[in-house]
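Open your viewer and keep the selection tool at hand. We will go stop by stop, with something to select at each one.

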Number of protein chains: 2
Amino acid sequence: MKKNNEITNKLFQNFKEKGYRLTTPRKAILLLLSKTDDHPSVEELYFDIHKNYPSIGMTTVYRTLDLLVSWNVVHKFDFGEGRSRYELIDHPNGLGHHHHLICCNCKSIINYTDLIDKEVELIAKLEKRLSKRYDFEINSHVIEFYGLCKNCR
Amino acid sequence: MKKNNEITNKLFQNFKEKGYRLTTPRKAILLLLSKTDDHPSVEELYFDIHKNYPSIGMTTVYRTLDLLVSWNVVHKFDFGEGRSRYELIDHPNGLGHHHHLICCNCKSIINYTDLIDKEVELIAKLEKRLSKRYDFEINSHVIEFYGLCKNCR
DNA sequence: TTTGCTGCAAATACTTTGCAGCGTT
DNA sequence: AACGCTGCAAAGTATTTGCAGCAAA
């Protein structure tokens, strides 16, 4: 599993830099997140992890995710379901950066990656402009479109 | 108060179309939301409303907001504080459409309105493209930048 | 009069915290 | 050995629901 090693190495460095340790629950969560293009909730992550590591509790999943979010490794989303969902910021699966179409009715989420060059460039410019104007260090961005999906119209 | 009448008229139509009634709590919430460029939480709305209408309870605020959200009159945000925040989608105060810079540390929010023409145009194109591609009816969009504000860097 | 919105209180769901124990470094 | 992560159970907080009463059309 070349990819797993890549992830491990990358995150291992993050951890070292921040002074945190690479523990079993963290490895498990990061590997799970790196294997999906979905946005798992805490509960979903917990159940999956539990299959392989029955001793890891829900609390640890919460705490680990909080840390990963604070390190800018993971982004925490709220799509209005009353629970949070999580996603790797730098996804290693070639999925890369993507955004969301969110159905207001059934809460289904479509990932889209088709931001053309012009758009990417424009977002970069906007980021630079806002950053300077508001003296704000921008780490990540989110573009979401809300509406009704095919089935709910 | 011309503006209040405009809002009332506009929403009154929405209500009629949807078959819902224009009640005191709804008027109160809509007027409050139309008077601020902030993103009040349920609790904040409740306290404000309570000053003028002591009989309106928190439950009603929740329920009313849910309805307004489902009618696409109000957008529900979650900035990661563990509570939701609300904002009129078509703000009548000339504030117009805006987006957010969100500080990951102190959770402060900066509104920015300076999307230049090129950007607006581009978002419109993107919307059209996505809409067609995914057979998705887009009603609103959100562009958020996450990072560290002036004070938290 | 009828429909369906309101309010209170209780219930629910998600998330956080206290504290003792354990694993890494 | 020391530091600080981990798990369980309990606590906390935001949000939802049941049900009787009431208001608007």
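Which base atom of DNA strand C does a polar side-chain atom of Arg21(B) lie 2.8 Å from? Select Arg21(B) and DNA strand C together. The partner is a base oxygen. Keep in mind throughout that this is a predicted model.

**Stop 1: DNA strand C**

Stay on DNA strand C and add Arg63(B). A polar side-chain atom of Arg63(B) sits 2.6 Å from a base nitrogen of the strand. Now move to chain A and pick Ser84(A). Here the partner is a phosphate oxygen of DNA strand C, 3.0 Å from a polar backbone atom of Ser84(A).

Next, colour the helices. Two or more residues of the surface near DNA strand C come from each of α4 of chain A, α2 (24–35) of chain B and α4 of chain B. Which element gives the largest share? It is α4(A), with 4 residues.

Widen the selection to the whole surround. There are 19 residues around DNA strand C. The nearest are Arg21(A), Tyr62(A), Thr23(B), Thr60(B) and Arg63(B). On the DNA side, sugar and phosphate make up 63% of the strand C atoms that come within 4 Å of the protein. Colour the surrounding residues by type: 4 are nonpolar, 8 polar and 7 charged.

**Stop 2: DNA strand D**

Hide DNA strand C and show DNA strand D. How many residues surround DNA strand D? The count is 19, and the closest are Thr23(A), Ile56(A), Thr60(A), Arg63(A) and Tyr62(B). Of the strand D atoms within 4 Å of the protein, 64% belong to sugar and phosphate.

Now zoom in on the phosphates. Select Ser55(A): one of its backbone N or O atoms lies 2.8 Å from a phosphate oxygen of DNA strand D. Select Ile56(A): again a backbone N or O atom is involved, 3.4 Å from a phosphate oxygen of DNA strand D. Then cross to chain B and select Arg83(B). This contact uses the side chain, with an N or O atom 3.3 Å from a phosphate oxygen of DNA strand D.

Bring the helices back. At least two residues of the surface near DNA strand D come from each of α2 (24–35) of chain A, α4 (58–70) of chain A and α4 (58–70) of chain B. The largest share, 4 residues, belongs to α4(B). By type, the surface near DNA strand D has 4 nonpolar, 8 polar and 7 charged residues.

**Stop 3: the two protein chains**

Hide the DNA and superpose chain B on chain A. A turn of 179° and a shift of 0.0 Å along the axis lay one on the other, with an RMSD of 0.2 Å. The two copies are therefore related as by a two-fold rotation axis. To find that axis, select Ile143(B). Its C-alpha is the nearest to the axis in chain B, at 2.3 Å.

Undo the superposition and look at the contact. It takes 39 residues from each of chain B and chain A. Both copies use the same surface: 100% of the contact residues of chain B recur in chain A. The two chains bury about 3,800 Å² between them, with 61% of it on carbon and sulfur atoms. Highlight Phe136(B), Phe145(B) and Tyr146(B). These supply 18% of the area that chain B buries against chain A, more than any other three residues.

**Stop 4: inside chain A**

Finish with chain A alone. Colour domain 1 (1–96) and domain 2 (98–153) separately. Where they meet, 11 residues of domain 1 of chain A contact 11 residues of domain 2 of chain A. About 990 Å² is buried between these domains, and carbon and sulfur atoms give 56% of it.

Definitions and conventions. Residues numbered from 1 in each chain as written. Chains lettered and ligands numbered in written order. Predicted model: local features only at pLDDT ≥ 70, side-chain atom pairs only at ≥ 80, totals over all residues. Heavy atoms only, no water. Near = heavy atom within 4 Å. Polar contact = N/O pair within 3.5 Å; in protein donor to acceptor, adjacent residues only side chain to side chain. Nonpolar A, V, L, I, M, F, W, Y, C, P; charged D, E, K, R; others polar. Least-squares fit on C-alpha atoms with pLDDT ≥ 70 in both. Contact = heavy atoms within 4.5 Å. Domains from an automatic or database assignment. Buried area = accessible area lost by both parts, 1.4 Å probe.
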